[in-house]
Amino acid sequence: MKINVVSETLTTHEYESKVLAKAFSEITGIKLTHDLLQEGDVVEKLQTQMQSDKNIYDGWVNDSDLIGTHFRYGKTESITDLMANEGKDFTSPTLDLKDFIGISFTTAPDGKIYQLPDQQFANLYWFRADWFERADLKAKFKEKYGYELGVPVNWSAYEDIAKFFSEDVKEIDGKRVYGHMDYGKKDPSLGWRFTDAWFSMAGGGDKGLPNGLPVDEWGIRVEDCHPVGSSVTRGGDTNGPAAVFATQKYVDWMRAYAPPEAAGMTFSESGPVPSQGNIAQQIFWYTAFTADMTKPGLPVMNADGTPKWRMAPSPRGPYWEEGMKLGYQDVGSWTFLKSTPEKTKTRGLALRAVRDVENRFPEKNHRRPDAHPRIRHQLPGHDRPGPQTRRTGGVLPQPGAGAVDTDRHQRAGLSAPGPTVVEPHFGSRQRRENPATSAGWPGQGPGRDHDAPGALQGAADLRTENEPRARCPVLVRPAGRTEAETGEREAQG
């Protein structure tokens with residue numbers, strides 16, 4: 001008996017292909033071949049099998065973004081039905097589907113599961129915490145920008161930090177450093193550089209769960225689970241103000257602050273680059289590359305095996321409002337097509353292979369700590385019982401607990417005496433009152449970020465949508481303290 005499955009080439013899937021597939025074959029006597037292809041090739045072959053009904057692979061690991069296709073086309077097996085019927089004898093009775101991170105994204109409108117999550121792509125902000133904590137760099141940054149070097153909450157702060165490391169710092173320990181990293185080679189991966197929530201990070205799409213309704217994070221208008229338009233003229237937002245702004249920033253930042261070779265790289269080529277030790281921060285970075293960043297001896301690892309870097313929630317763009325999606329997550333998921341022959345035997349055994357993969361054969365990983373509690377729910381494996389060394393996932397915690405204020409201005413940050421969380425502030429149009437105390441205070445008012453209490457800023461300090469490069473006031477909030485404990489200190493950038 002032979003089983004052939006396929007996934008895109010990622011470190012997680014390389015482990016499955018080289019270690020888990022071999023172990024499965026040795027234990028069961030069934031030959032399991034796990035092929036690794038570029039994602040574009042996986043999607044192309046998947047589409048070919050769906051259109052021709054000729055079997056190419058018995059099992060597929062493909063993104064949960066395809067749930068709409070799998071549900072509407074009728075070519076994909078319902079895993080819910082499969083486990084209850086022909087695959088019942090091959091399904092572990094202790095399999096807890098609620099334990100799978102991203103299971104809601106692989107559940108169709110009919111309430112059935114069509115894909116079983118295997119690994120997750122969480123898109124977060126990555127930065128060199130050790131550099132952000134250096135007294136000399138902090139002093140130099142504050143002298144120039146008037147606020148503390150810290151985890152950026154919005155794109156203005158990110159741009160300041162990128163410019164600072166690329167143009168002012170330039171070298172650390174004799175090595176050329178850059179304040180930004182990205183990729184720009186013509187490739188299928190360049191598409192998801194934008195669809196994986198770059199537009200919604202800037203403020204594209206609508207509020208509403210799960211991805212924005214009726215216009216989702218990709219800028220596509222969806223009605224009754226069907227896409228009906230993507231351009232503004234058709235009710236979408238893919239060429240709306242936020243999308244245009246985000247695209248321009250992508251180009252500008254890569255040209256100005258990233259290494260010259262970044263423009264010629266693909267997603268998979270650029271992902272491990274920060275591990276080389278010359279990148280200060282990256283606004284668009286996937287947890288899928290965590291394993292590549294934690295290998296002993298890397299410039300971004302300490303001698304004791306702990307990382308010099310951290311992750312934090314994504315900074316938001318100028319059009320973002322409270323209630324909009326911020327960041328991105330997707331799950332590579334096991335999928336079985338109805339065109340696979342020998343239903344009970346092949347697909348049932350393939351399901352057994354998936355079960356063994358999901359149960360995780362023992363693996364050693366002593367360098368991956370718990371995730372930050374605020375984003376722990378996004379990560380695969382962190383809520384499962386088991387020893388610390390068997391935990392999976394990819395988001396590393398900030399040192400110490402970062403406080404979160406009630407209006408969610410502040411994101412996960414570094415506790416004192418580490419870097420503070422900073423938020424460049426777009427001036428409000430009018431003074432607003434705090435309904436709890438009937439007192440006004442400086443903050444954000446109605447505008448492009450969100451509707452929070454605020455104070456009128458001078459006209460010269462307002463940053464309009466037509467003047468995205470204008471300087472604006474900056475709000476600085478020491479991490480680990482709430483607004484009520486410290487108040488807000490305003491500094492001119």
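**Buried rings and their partners**

Biologist: Why does Trp285 count as buried?

Modeller: In this predicted model, Trp285 has a relative accessibility of 1%. The term buried applies under 20%, and 1% is under that limit, so Trp285 counts as buried.

Biologist: What makes Trp126 count as buried?

Modeller: The relative accessibility of Trp126 is 0%. Since buried means under 20%, Trp126 counts as buried because its value of 0% lies under the cut-off.

Biologist: Why is the aromatic pair of Trp126 and Trp285 called tilted?

Modeller: The two ring centres are 6.5 Å apart, and a pair requires centres within 6.5 Å. The planes of Trp126 and Trp285 stand at 35 degrees. Under 30 degrees the pair would be stacked and over 60 edge-to-face; 35 degrees is neither, so the pair is tilted.

Biologist: Which parts of the chain does this pair tie together?

Modeller: Trp126 belongs to strand β4 (residues 116-128) and Trp285 to strand β10 (residues 281-286), so the pair links parts that are 159 residues apart in sequence.

Biologist: How do you know that Trp285 and Phe289 form a tilted pair?

Modeller: Their centres are 6.4 Å apart, with 55 degrees between the planes. The distance is within 6.5 Å and the angle falls between 30 and 60 degrees, so this pair too is tilted. Phe289 is buried, as is Trp285. A search of the whole structure finds 31 aromatic pairs.

Biologist: What makes you say that Arg193 lies over the face of Trp198?

Modeller: Arg193 is at 4.2 Å from the ring centre of Trp198, and the limit for this distance is 6 Å. The direction must also be within 35 degrees of the ring normal. Arg176 likewise lies over the face of Tyr178, at 4.4 Å from the ring centre.

Biologist: How do you know that the side chains of Asp182 and Arg193 make a polar contact?

Modeller: The contact joining the side chains of Asp182 and Arg193 is 2.7 Å, which is within the 3.5 Å allowed. Asp182 is placed in the loop between β7 (175-176) and α8 (188-195). With 2% relative accessibility, Asp182 counts as buried, because the limit is 20%.

Biologist: Why are both faces of strand β11 (residues 309-312) said to be covered?

Modeller: Trp309 and Met311 on one side, and Arg310 and Ala312 on the other, are all buried. Strand β11 runs antiparallel to β4, and four bridges join them. Arg128 stands opposite Trp309.

Definitions and conventions: Residues numbered from 1 in each chain as written. Predicted model: local features only at pLDDT ≥ 70, side-chain atom pairs only at ≥ 80, totals over all residues. Heavy atoms only, no water. Phe/Tyr/Trp six-rings, centres within 6.5 Å; stacked < 30°, edge-to-face > 60°. Helix = DSSP H or I, 4+ residues; strand = E, 2+ residues; numbered from the N terminus. Buried < 20%, exposed > 50% of the residue type's maximum accessible area, 1.4 Å probe, protein only. Pairing = 2+ DSSP bridges. Polar contact = N/O pair within 3.5 Å; in protein donor to acceptor, adjacent residues only side chain to side chain.
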